[in-house]
Amino acid sequence: MEPAISPPIFSVLLLLGMLLMLEIGRRIGIRRRPKETEGERGSLGTIEGAVFALFGLVVAFSFSGAASRFNEKRELIAVEANCIETAYLRVRLVAQAAQPELQDLFRRYTDSRLDTYSKLPDLIAAQKEMAISRELQREIWARAISASQLPDSHADAGKLLLPALNEMIDITTTRAMAIQTHPPNIIYGLLFFLALICSLLAGYRMSAGKQHSWLHIISFAMITVVVIFVIIDVEYPRVGLIRLESFDQVLVDVRAGMN
């Protein structure tokens with residue numbers, strides 16, 4: 001649920017590392033430039049292009065994957081809201097006497113689901129609330145079976161209500177898995193490593209000039225750091241600046257409709 005290292009700390013370390021590698025590369029280049037031949041310079045340019053292209057591909061795939069998983073998490077909120085609302089409406093198929101108790105359980109269950117995700121990134125607190133949700137699921141299921149068998153219930157109450165409850169329960173597992181699905185930490189280590197290598201090569205290439213431009217150095221480092229920070233922030237939308245709380249409003253609206 002949480003990244004291995006805090007995104008702000010990761011970004012600061014990356015920025016400092018890139019600036020350091022840019023300067024190291026520039027100094028190495030100043031020492032080696034007089035000894036380089038035209039052929040060596042051409043081959044070095046090819047290698048640099050390949051490394052930068054590889055870095056760009058890793059960044060692109062990481063960003064694409066993070067955005068895809070963010071959209072999936074957002075869509076699953078709407079799916080769960082629909083599942084809960086559908087099951088709640090089908091409670092009206094059971095006997096009138098059994099409806100108030102079931103409806104009250106649904107209200108408590110929806111509150112519990114909202115509390116589960118509002119407590120993130122505190123995983124321990126969220127897991128405790130998840131346990132409460134599971135207990136309410138079992139109680140709702142047992143009460144629904146009993147209520148659907150009452151003489152005053154609709155003939156198809158069990159056939160319509162129980163599948164809806166099953167979908168409502170299943171989506172909780174899907175959401176729990178989605179929020180824990182992230183790329184291996186080695187991917188972020190690879191981004192960090194490639195950013196440093198690219199900085200070293202960029203600094204080496206800049207040594208050809210008599211003076212180095214701080215504008216270009218800082219711009220290159222800052223843009224790279226911001227892009228990687230955004231990738232991590234999108235990947236963990238319950239932790240950083242990019243949040244999913246606004247999309248939880250769909251479930252809040254469903255809960256308000258139960259009053």
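**Exercise 1. Classify Gln-103: is this residue buried or exposed?**

Solution. Start from the relative accessible area of Gln-103, which is 16%. The cut-offs are these: buried is under 20%, exposed is over 50%, and partly exposed lies in between, with a 1.4 Å probe and protein chains only. Gln-103 is therefore buried. Next, place the residue: Gln-103 sits in helix H3, residues 99-118. A helix here is a DSSP run of H or I of at least four residues, a strand is a run of E of at least two, and both are numbered from the N terminus. Last, list the neighbours. Leaving out residues up to four places away in sequence, Gln-103 touches Tyr-88 and Val-91. Contact means heavy atoms within 4.5 Å.

Ground rules for every exercise: the model is predicted, local features need pLDDT of at least 70, side-chain atom pairs count only at pLDDT 80 or more, and totals for chains, interfaces and linings use all residues. Residues are numbered from 1 along each chain as its sequence is written, and side-chain values use heavy atoms, with hydrogens and water left out.

**Exercise 2. Describe the fold and overall dimensions of the chain.**

Solution. Count the elements: eight helices and zero strands. In sequence order the pattern is α-α-α-α-α-α-α-α. Now test against a globule. The rule is 2.2 Å times the number of residues to the power 0.38, with the radius of gyration taken over C-alpha atoms. For 259 residues, a compact globule would come near 18 Å, but this chain has 27 Å. Then check the principal axes: the C-alpha trace spans about 95 × 30 × 25 Å.

**Exercise 3. Summarise burial, contacts, surface and charge for the chain.**

Solution. Burial: 42% of the 259 residues count as buried. Contacts: take those with a separation of 6 or more; residues 24 or more positions apart account for 82% of them. Surface: about 14,000 Å² is exposed, and carbon and sulfur atoms supply 64% of it. Charge: there are 27 positive and 27 negative side chains, with the centres of the two sets 9 Å apart. Lys and Arg count as positive, Asp and Glu as negative; His and the chain ends are not counted. Each charge is placed at NZ of Lys, CZ of Arg, CG of Asp or CD of Glu.

**Exercise 4. Compare the spans of H1, H6 and H7 with expectation.**

Solution. The expected span is 1.5 Å times one less than the number of residues.

- H1 covers residues 7-32; its 26 residues should span 38 Å, and 36 Å between the end C-alpha atoms agrees.
- H6 has 22 residues, and its expected 32 Å agrees with the 32 Å found between its end C-alpha atoms.
- H7 runs over residues 214-235 and reaches 31 Å, close to the expected 32 Å.

**Exercise 5. Work out what covers H1, then follow Ser-11.**

Solution. List the buried set of H1; among its members are Phe-10, Ser-11, Leu-14, Met-18, Met-21 and Leu-22. An α-helix has 3.6 residues a turn, so residues three or four places apart point the same way. The cover over the buried residues of H1 includes H6 (185-206) and H7. H7 has its own buried residues, including Ile-217, Ala-221, Thr-224, Val-225 and Ile-228. In H6 the buried residues include Tyr-188, Leu-191, Leu-194 and Ala-195.

Zoom in on Ser-11 of helix H1. With 10% relative accessible area, Ser-11 is buried. Beyond four places in sequence, Ser-11 touches Val-225 and Phe-229.

**Exercise 6. Set sequence separation against C-alpha distance for four pairs.**

Solution. Tabulate.

| Pair | Residues apart | C-alpha distance |
|---|---|---|
| Met-177, Lys-73 | 104 | 9.9 Å |
| Asn-71, Ala-178 | 107 | 11 Å |
| Ser-11, Leu-162 | 151 | 49 Å |
| Glu-167, Gln-211 | 44 | 65 Å |

Now add context. Asn-71 is in H2, residues 38-90, and is partly exposed at 29%. Glu-167 is in H5, residues 157-180, and is partly exposed at 49%. Met-177 also belongs to H5; at 52%, Met-177 counts as exposed.

**Exercise 7. State which residues a cis peptide bond joins.**

Solution. Leu-120 and Pro-121 are joined by the cis bond, with omega about 10°. Pro-121 falls in the loop between H3 and H4 (123-148).

Notes
Accessible areas come from the Shrake-Rupley method with a 1.4 Å probe; for residues, only the protein chains shown count as cover.
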